[in-house]
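User: Please take a close look at one residue in this structure, and then set out the surroundings to which the description leads. A single connected account would be preferred.

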There are 2 protein chains.
Amino acid sequence: MARTLNIAVLGATGLVGRTFFRILEERDFPVGELRALASERSEGRTVPFKGAQIPVHAAKPESFEGIDLAFFCVDDDISREMAPIAARAGAVVIDKSNAWRMNPDVPLVVPEVNPEDTRLHEGIIAGPNCTTIQMVVALAPIHQVNPITRIIVDSYQSVSGAGTAAVEELDAQNRALVNDEPVEVSALPHQIALNVLPHIGGFSENGYCSEEIKLVNETRKIMHAPDIAVSATTVRVPVHIGHSEAVHVELTEPMTAADVRDILSRAPGVAVIDNPAQAEYPLALDAEGRDEVFVGRIRRDISHPQGIAMWIVSDNLRKGAALNAVQVAELMMEQGLF
Amino acid sequence: MARTLNIAVLGATGLVGRTFFRILEERDFPVGELRALASERSEGRTVPFKGAQIPVHAAKPESFEGIDLAFFCVDDDISREMAPIAARAGAVVIDKSNAWRMNPDVPLVVPEVNPEDTRLHEGIIAGPNCTTIQMVVALAPIHQVNPITRIIVDSYQSVSGAGTAAVEELDAQNRALVNDEPVEVSALPHQIALNVLPHIGGFSENGYCSEEIKLVNETRKIMHAPDIAVSATTVRVPVHIGHSEAVHVELTEPMTAADVRDILSRAPGVAVIDNPAQAEYPLALDAEGRDEVFVGRIRRDISHPQGIAMWIVSDNLRKGAALNAVQVAELMMEQGLF
């Protein structure tokens with residue numbers, strides 16, 4: 001691991017983009033050249049990295065020449081256009097968008113769950129959606145011991161998952177409400193302050209929204225378990241950072257809560273916080289800025305003989321996005337894939 | 001219905017108590033004498049009713065003499081002490097606490113679901129917990145046509161369900177956050193502003209909290225369906241009024257979303273709002289001050305062949321508490337039970 005990698009971050013000025021620079025610095029990632037790329041709008045801005053200010057440049061096809069590793073955190077359409085260009089230029093693209101996740105030629109990787117899938121890449125590796133990542137990190141270790149047959153998950157997702165504009169909108173609405181001023185709505189479909197919205201992404205014919213469908217398809221692909229039944233209701237809540245999930249799983253064999261707690265306490269990337277009598281359970285507010293997937297409220301699901309219920313919380317900008325991508329890169333270095 | 005009833009409201013100064021006076025006025029309930037009762041602390045306060053100010057008196061055993069109907073919205077221990085006294089004095093007690101709900105001699109009534117159970121009363125009738133009421137109003141009409149075998153419900157519950165202190169705490173925390181001041185926590189176990197808490201009520205040995213257990217037991221009793229399997233995760237969210245629920249049910253036979261929508265559009269007390277492509281679905285903010293149980297996001301649950309998923313929202317102070325109790329009283333007048 002002595003060599004360094006030339007790195008580009010495309011989408012450098014967004015919430016996830018800025019988190020990438022913070023995490024590369026925190027983990028002392030072996031960065032050679034570091035290019036901050038974004039849309040033309042952001043040309044001239046800078047992002048902080050190790051005490052310096054990295055200038056942001058408008059991304060162009062030639063921006064990826066000499067780059068070994070490109071972290072993409074941009075919209076699907078930009079990723080669809082630029083990722084093949086970066087890959088052809090010789091970079092490995094680790095992409096955060098929805099553009100490549102279900103492409104059979106693109107591995108969808110959570111290092112704790114399916115590390116070997118990186119080896120199948122052809123230049124592009126996809127990172128799952130935030131809600132999927134934290135759920136599979138907690139469920140895969142259970143699934144290995146006692147296969148999961150069905151998952152029901154209802155989410156409590158922070159506004160940072162919808163980008164900077166949604167965070168600013170929640171803050172502006174809270175300010176307006178405190179000062180008795182009119183509330184303005186533009187980034188999210190309805191007022192989010194003092195409200196919850198069962199709507200993340202666009203709706204399909206079957207009545208599910210895209211965020212829910214991602215949980216279904218991505219979970220199956222990452223866990224190599226095409227037959228797991230999954231249903232979800234994904235809900236935006238007035239929280240800045242940190243997604244919470246109420247999860248109910250059905251296993252092949254009955255299992256005690258103590259057994260699940262034991263498995264998860266040894267699982268990579270998981271921290272168990274489970275002492276509800278002392279009001280100790282994972283909270284979005286505590287997960288902000290942390291790397292772990294926090295699991296608590298672990299109990300036999302009393303509605304099913306092989307059921308387990310739990311509460312899963314993680315920082316959606318870190319493990320749900322930038323951290324997972326950096327961990328994929330670290331894994332690939334260990335695997336000698338650079 | 002020409003005669004009037006002498007009415008007492010015990011717990012008159014609380015959030016639900018004040019809602020009782022508003023609803024009795026709105027519905028032009030045939031009120032004779034009206035007594036506002038509370039703890040000694042509230043002696044000397046008043047509550048508004050039809051333009052007058054009703055003085056609040058400290059509740060004593062003799063407070064119920066001459067009373068036909070007593071609405072109780074107090075803690076379990078006070079209800080356990082006072083309800084038998086009021087009943088012996090000749091009043092019918094409609095109680096909102098948890099004290100009597102699972103008592104086999106006490107009917108637990110939601111007028112849209114089990115109206116005939118009122119006839120079994122021996123002086124005390126219990127009203128279910130807020131989360132149960134809105135769920136059974138939406139599920140019972142489906143259950144009648146196609147029996148429900150299992151329910152999984154994850155809730156998004158407003159702070160008003162925890163009383164005035166919790167509402168004031170959320171407001172104070174939001175004010176503090178907007179003004180960059182320290183946040184204080186006392187009414188709820190953790191900061192609720194910009195957070196969600198998977199903890200309502202005390203925890204049992206089985207890992208469920210009391211709010212979750214209420215959903216299990218009350219649903220079975222009200223629906224006369226002791227075999228329905230129920231599991232829940234109940235979560236407090238930073239919303240003032242209005243509880244939301246993500247509900248996943250398993251039916252005896254497969255059913256289309258259109259069939260469910262059709263049943264619910266004719267169901268008493270239910271309003272269907274279900275056009276997600278136009279961002280139309282029930283919202284807590286819209287339910288505040290309304291009488292209906294709002295249902296949307298109705299869809300085949302893709303994780304189960306007989307599954308249906310939906311999103312249920314209602315005003316927890318109204319249908320979830322005071323309105324349901326007043327509707328029970330109206331029903332009993334129609335049934336000639338006064």
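Analyst: In what follows, two residues are in contact when they have heavy atoms within 4.5 Å of each other. The model is predicted, and the account begins with Ser158 of chain A.

Ser158(A) occupies the loop that connects strand E8 (148-156) to helix H4 (164-178) of chain A. Is Ser158(A) buried or exposed? Its relative accessible area is 0%, so Ser158(A) is buried, the cut-off for that term being under 20%. Once neighbours within four places in sequence are set aside, the contacts of Ser158(A) are Arg236(A), Val237(A), Val239(A), His240(A), Ile241(A), Gly242(A), His243(A) and Asn316(A). With Asn316(A) there is also a polar contact between side chains, at 3.0 Å.

Two other loop residues of chain A may be set beside Ser158(A). Asp28(A), which is not a glycine, has a positive phi of about 50°. Its loop runs between helix H1 (15-26) and strand E2 (31-38) of chain A. Because its relative accessible area is 54%, Asp28(A) counts as exposed, a term that applies over 50%. Asp180(A), likewise a residue other than glycine, has a positive phi, near 60°. It belongs to the loop between H4 and H5 of chain A, and its relative accessibility of 74% makes Asp180(A) exposed.

The elements E8 and H4, on either side of the Ser158(A) loop, lead on to the interface with chain B. There, 56 residues of chain A touch 56 residues of chain B. The two chains bury about 4800 Å² between them, and carbon and sulfur atoms give 62% of that area. Across this interface, 32 residue pairs are in polar contact, with both members at pLDDT 80 or more. The salt bridges between chain A and chain B number six. One of the salt bridges joins Arg297(A) to Glu212(B), with 2.7 Å between the closest N and O atoms. On the side of chain A that touches chain B, at least two residues each come from E8, H4, helix H5 (210-222), strand E9 (229-233), strand E10 (243-251), helix H7 (284-287), strand E12 (293-300) and strand E13 (307-314) of chain A.

Within chain B, an open sheet of six strands follows the order E9-E8-E10-E13-E12-E11, with mixed pairing. Strand E9 (229-233) and strand E11 (270-272) of chain B are its edge strands, each pairing on one side only. From one strand to the next, the twist averages 25°. E11(B) and strand E12 (293-300) of chain B run parallel and are joined by three bridges; Ala271(B) has Phe294(B) as its bridge partner in E12(B). Helix H5 (210-222) of chain B lies across strand E8 (148-156), E9 and strand E10 (243-251) of chain B, at about 150° to E9(B).

Chain B also holds an open, mixed sheet of seven strands, ordered E3-E4-E2-E1-E5-E6-E7. Why does one side of E3 and of E7 lack a neighbour in the sheet? Strand E3 (46-49) and strand E7 (124-126) of chain B stand at the edges and each have a single partner strand, so one side of each is left without a neighbour. The average turn between neighbouring strands of this sheet is 25°, direction ignored. Strand E1 (5-10) and strand E5 (69-72) of chain B pair in the parallel sense over four bridges, and Ala70(B) in E5(B) is the bridge partner of Ala8(B).

Terms used. Residues numbered from 1 in each chain as written. Chains lettered and ligands numbered in written order. Predicted model: local features only at pLDDT ≥ 70, side-chain atom pairs only at ≥ 80, totals over all residues. Heavy atoms only, no water. Pairing = 2+ DSSP bridges. Axes fitted to C-alpha atoms, helices over the stretch in contact; angles between N-to-C directions. Buried < 20%, exposed > 50% of the residue type's maximum accessible area, 1.4 Å probe, protein only. Polar contact = N/O pair within 3.5 Å; in protein donor to acceptor, adjacent residues only side chain to side chain. Buried area = accessible area lost by both parts, 1.4 Å probe. Salt bridge = Lys/Arg side-chain N within 4 Å of Asp/Glu carboxyl O.
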